[in-house]
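Q: I am new to this structure and would appreciate a close look at a single part of it, set among its surroundings. Please explain each term when it first appears.

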Amino acid sequence: MSDEMNYIQAQRFAFQHECAECGNSPSLYPNEGGGYEVRCQNKDHKGFIRLKGYYQAWREGQAVPIEIAQNLIKKERRGNANKGS
Ligand SMILES: [Zn+2]
């Protein structure tokens, strides 16, 4: 991973990862030369763990934001409509 990302990339990265050492969401820090660095609020912490996608988390029965859960349920119902279940 590059340290330099644009805001969207950095935001997406932060959203999809958590700190490997404390489990907190990484934060975005603007670089002096442009772009953003994503890291833990504790700058001694190194490394990230990739979070599962919402869909996978939801399938496993984990909590996801209610709006996302509702969308997933709608999609699931549509997908199962032809299977008769
Ligand atoms: Zn951390």
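A: Among the elements of the protein, β2 has the highest mean pLDDT, 93, and helix α2 (residues 54-59) the lowest, 81; pLDDT is the predictor's confidence in each residue, on a scale from 0 to 100. The model is a predicted one, in which local features need pLDDT of at least 70 and side-chain atom pairs count only at pLDDT 80 or more, while totals for chains, interfaces and linings use all residues. Residue numbers start from 1 along each chain as its sequence is written. The average pLDDT of the protein is 85, and 89% of the residues score at least 70.

The close look therefore begins at β2, because this strand has the highest mean pLDDT among the elements. Helices (H or I, at least four residues) and strands (E, at least two) are DSSP runs, numbered from the N terminus. Strand β2 covers residues 27-30 and runs antiparallel to strand β3, residues 36-39, with four bridges joining them. Two strands are said to pair if DSSP finds at least two bridges between them. Along this pairing, S27 stands opposite R39, and Y29 stands opposite E37. The two strands form a hairpin with five residues between them, and in its turn G34 has a positive phi of about 105 degrees.

Strand β3 has two faces: Y36 and V38 lie on the covered one, E37 and R39 on the uncovered one. Thus E37, the partner of Y29, and R39, the partner of S27, both belong to the uncovered face.

What lies around this hairpin? M5, in the segment before α1 (7-16), is in contact with Y36 and V38, and also with A10, F13 and G35, when neighbours within four places in sequence are left aside. Two residues are in contact if their C-beta atoms, placed from the backbone, lie within 7 Å. Although M5 and V38 are 33 residues apart along the chain, their C-alpha atoms are separated by 8.4 Å. M5 is partly exposed because 19 other C-beta atoms lie within 10 Å; a residue is buried if 20 or more other C-beta atoms, placed from the backbone, lie within 10 Å of its own, exposed if 12 or fewer, and partly exposed in between.

C19, in strand β1 (residues 17-19), touches N24, P26, C40, H45 and F48, not counting residues up to four places away in sequence. C19 counts as partly exposed because it has 19 C-beta neighbours inside 10 Å. Its C-alpha atom is 6.2 Å from that of I49, 30 residues apart along the chain.

The wider setting consists of three helices and four strands, in the order α-β-β-β-β-α-α along the sequence. Of the contacts with a separation of 6 or more, 42% join residues 24 or more positions apart. Buried residues make up 6% of the 85 residues.

Helix α3 (residues 66-80) has zero buried residues among its 15, so it lies largely in the open. The expected span of a helix is 1.5 Å times one less than its number of residues; α3 should therefore span 21 Å, and its end C-alpha atoms are indeed 21 Å apart. R59, in helix α2, is partly exposed because 13 other C-beta atoms lie within 10 Å, and its C-alpha atom is separated by 9.3 Å from that of L72.
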